[in-house]
Amino acid sequence: MTGTEEKYTDHIFEQITINYCDRLVQITCNNALKNYLQAPGNGALKLSAHILEEYKKRRESELNISQDSLAIEILAHIYSDSFAEAISAAGSHLPSVLGRAVHKLMKQVMLHTEIIDCGESAVDNNRWIWDRLTPFKNIIYGILGDYA
């Protein structure tokens with residue numbers, strides 16, 4: 001994304017920060033997003049539907065990402081971030097050298113999950129991962145229950 005590119009930010013939807021860029025949305029992975037996903041009746045599918053609809057309104061074009069691919073990407077990032085937080089916290093129970101190494105590694109994971117870049121295939125070299133997981137959506141959603 002270039003610095004001169006127009007970007008639309010949504011701070012209204014459940015206090016989640018979502019940036020709508022050309023062929024890309026960026027979702028801030030923080031407590032607002034986690035709290036939203038944990039609330040009954042919410043989930044990544046509902047959030048994905050909102051994002052796709054809002055993108056179309058704001059950018060006056062469709063984001064070429066399926067709702068399932070977007071939802072699965074959001075879920076993967078949220079769970080990776082939560083896993084890293086939990087492992088990092090557990091590091092305090094390890095010998096100090098090992099604990100510091102674990103904490104450093106988990107900080108790196110959390111840096112990569114801080115902003116969820118969800119782009120079309122042409123601008124997101126990871127889109128294929130989420131697209132190829134969509135045939136397994138029923139299994140993924142079944143395991144995650146309300147979070148999906």
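**Salt bridges and burial, argued from the cut-offs**

Me: How far apart along helix H2 are Glu53 and Lys57?
Reply: Glu53 and Lys57 are four residues apart in helix H2 (residues 44-59), so about one helical turn separates them. Bear in mind that this is a predicted model.

Me: What makes Glu53 and Lys57 a salt bridge?
Reply: Their closest N and O atoms are 3.5 Å apart. The cut-off is 4 Å between a Lys or Arg side-chain nitrogen and an Asp or Glu carboxyl oxygen, so the pair counts.

Me: Why do Glu53 and Lys57 get their accessibility labels?
Reply: Exposed needs over 50% and buried under 20%. Lys57 comes in at 54%, so exposed it is. Glu53 has 48%, which puts it in between, hence partly exposed.

Me: How do you know that Lys56 pairs with Glu62?
Reply: Same kind of check: the closest N and O atoms of Lys56 and Glu62 are 2.8 Å apart, and the limit is 4 Å. Lys56 is partly exposed because its relative accessible area is 45%, while Glu62 is exposed at 54%.

Me: What makes Asp124 and Arg127 a salt bridge, and are they buried or exposed?
Reply: Their side chains meet at 3.4 Å, N to O, with 4 Å as the limit. Asp124 has a relative accessible area of 9% and Arg127 has 1%. Buried means under 20%, so both qualify.

Me: Which residues are linked in a network with Asp124 and Arg127?
Reply: Glu73 and Asp131 join Asp124 and Arg127 in a network of salt bridges. By the 4 Å rule, the count comes to seven salt bridges.

Me: Why is Glu73 called buried?
Reply: Its relative accessible area is 2%, and the label needs under 20%, so buried fits. Glu73 is found in helix H3 (residues 67-90). Beyond its sequence neighbours within four places, Glu73 is in contact with residues including Ile116, Cys118 and Arg127.

Me: What makes the Glu73 and Trp130 side chains a polar contact?
Reply: They come to 3.4 Å, and the limit for a pair of N or O atoms is 3.5 Å, so the contact counts.

Me: How do you know that Ile139 is exposed?
Reply: Its relative accessibility is 54%, and over 50% is enough, so the label holds. Ile139 sits in helix H6 (residues 137-144) and helps make a nonpolar surface patch of about 410 Å² with Leu133, Phe136 and Ile143.

Definitions and conventions
Residues are numbered from 1 along each chain as its sequence is written. This is a predicted model: local features need pLDDT of at least 70, side-chain atom pairs count only at pLDDT 80 or more; totals for chains, interfaces and linings use all residues. Side-chain values use heavy atoms; hydrogens and water are left out. Helices (H or I, at least four residues) and strands (E, at least two) are DSSP runs, numbered from the N terminus. Buried means under 20% relative accessible area, exposed over 50%, partly exposed in between (1.4 Å probe, protein chains only). A polar contact is a pair of N or O atoms within 3.5 Å; within protein, one must be able to donate a hydrogen and the other to accept it, and residues adjacent in sequence count only if both atoms are side-chain atoms. Contact means heavy atoms within 4.5 Å. Patches are made of residues with over 30% relative accessible area and no salt bridge: like charges are joined within 9 Å, nonpolar side chains (Val, Leu, Ile, Met, Phe, Trp, Tyr) within 5 Å. Accessible areas come from the Shrake-Rupley method with a 1.4 Å probe; for residues, only the protein chains shown count as cover.
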